[in-house]
Amino acid sequence: MFDKILIANRGEIALRVIRACREMGIASVAVHSTADADAMHVRMADESICIGPASSTDSYLNPAAIISACEITGAQAIHPGYGFMSENARFVQMVEDHGLTFIGPSAQHIRVMGDKITAKDTMKELGVPCVPGSEGGVPDVEAAKQIGRDFGYPVIIKATAGGGGRGMKVANSEAEMERAFQTARAESKAAVGNDEVYLEKYLQRPRHIEIQVFGDGKGNAVHLGERDCSLQRRHQKVFEEAPGPCISEEERARIGAVCAKAVGDLKYSGAGTIEFLYEDGEFYFIEMNTRLQVEHPVTEAIFGVDLVREQIRVAEGYTLSFGQDDLAINGHAIEVRINAEKVPNFSPCPGKITQYHAPGGLGVRMDSALYQGYSIPPYYDSLIGKLIVHGRDRNEALSRLNRALGELIVDGVDTTIPLFHALLQEDDVLTGDYNIHWLEKWLAKDPFSAA
Ligand code: ADP
């Protein structure tokens, strides 16, 4: 058993982990940059330690500072949250070399899934259906054009080491290939220092369906159904729900079993998400995230499990506390991401919170590190809260979301709250009839101009 866990993150996810620790009787250590000295995670943890200046490269992304913080405070394990160090295999190796435990999968599993080509090859071998595409990396534009001719346009050029939608470009015809190819490469080089790209058939109207999986590292694994995260802007999710409105029980059981088996065969340890595009009843693997996802609370709501607690238990060496047969879906959950951004341009909007009131009541969960008087620093991600609602069915969840959004007050900065008020007026959102391109097309119609 761990006595003390260090959380190598900030914001709502740091609070999420501190809460799990507290319920398990484990002491928590918050780390923070100088810009975050007044942040909520610092106040809520049992202990805190400053690990560097505002820039995340020098603080939340600084392995030596994080590991030193563990040694100084006597923390035995590190929970990485999402983002920052959560999918950094070198960091995991360093943590282990220092005799500490990383709460997450092995460095090897992170490495395999972090390289999207290796990830696809591995999944294909394990019987997981994949998007048709190039066999491995594509060296130059000529090779890319040849693949375009073979598969037919449109195609998408993706960075092998990509993430967060970076290094992804669509080519609709051979004429567009040169530019798309070079841009994808340059973006990837700038973001992650690696310019290898690969090609996939560009699906025209898929939904984004992802399967939550959990392994204990000993070959036991389960799935916790799917989340539909099709409402996206610039490949970034804004509205997520579980179960998926268009996934039948049979489909869930079928793809869930394939995913759980793959994770078991890999002897994968901890939480993971296998992401698919779903079109015409077929699933196509795109990538695996080897960490807790931002949208994990919708899965927690419908299954009634604490995924962070389970991550900690598995890292302690216990087997999973539930088997597949213990997991049953109860109702429907929706999460919306509240960002400090100005609609309709989504430009970041840091600043001081003059008033904050979180919604409550039956079936409402607000995960946020905001408080009245807090100043959102300009250095980090613009996510300031996640509003999660749970109802007996999708309609009840939607009414509850509407009601909870009405109670939520965030004054002092612009937020994406108006986006969700507007989305809840749309028939397609109410009926769940959308694909990954719906939101961009809707935004292109300038829905906020009349307001
Ligand atoms: P990242 O790691 O940068 O998030 P992903 O591979 O997970 O990249 O893809 C992110 C999003 O990009 C998907 O949810 C989807 O909206 C879009 N996308 C990725 N691959 C394809 C494809 N082959 N066809 C159509 N859209 C795609």
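This is a short chat about a ligand site and one helix in a predicted model.

Student: What counts in a model like this, and how are residues numbered?
Tutor: Residues are numbered from 1 along each chain as its sequence is written, and side-chain values use heavy atoms, with hydrogens and water left out. As the model is predicted, local features need pLDDT of at least 70 and side-chain atom pairs count only at pLDDT 80 or more, while totals for chains, interfaces and linings use all residues.

Student: OK, which residues come nearest to the ligand?
Tutor: Of the 20 residues around the ligand (a heavy atom within 4 Å of it), the nearest are Lys 116, Gly 165, His 208, Gln 232 and Glu 287.

Student: And what does His 208 do there, in terms of distance?
Tutor: A polar side-chain atom of His 208 lies 2.9 Å from an oxygen atom of the ligand, which falls under a polar contact, a pair of N or O atoms within 3.5 Å. The protein buries 96% of the 550 Å² that the ligand exposes when taken alone, with areas from the Shrake-Rupley method and a 1.4 Å probe.

Student: What about Glu 200?
Tutor: An N or O atom in the side chain of Glu 200 is 3.0 Å from a nitrogen atom of the ligand.

Student: Switching topic, why is helix α10 called largely enclosed?
Tutor: Helix α10 (residues 296-303; helices are DSSP runs of H or I, at least four residues, numbered from the N terminus) is largely enclosed by the rest of the structure because 7 of its 8 residues are buried, meaning under 20% relative accessible area with a 1.4 Å probe, protein chains only.

Student: Which ones are buried?
Tutor: In α10 they are His 296, Pro 297, Val 298, Thr 299, Glu 300, Ile 302 and Phe 303.

Definitions and conventions. Buried means under 20% relative accessible area, exposed over 50%, partly exposed in between (1.4 Å probe, protein chains only). Helices (H or I, at least four residues) and strands (E, at least two) are DSSP runs, numbered from the N terminus. A polar contact is a pair of N or O atoms within 3.5 Å; within protein, one must be able to donate a hydrogen and the other to accept it, and residues adjacent in sequence count only if both atoms are side-chain atoms.
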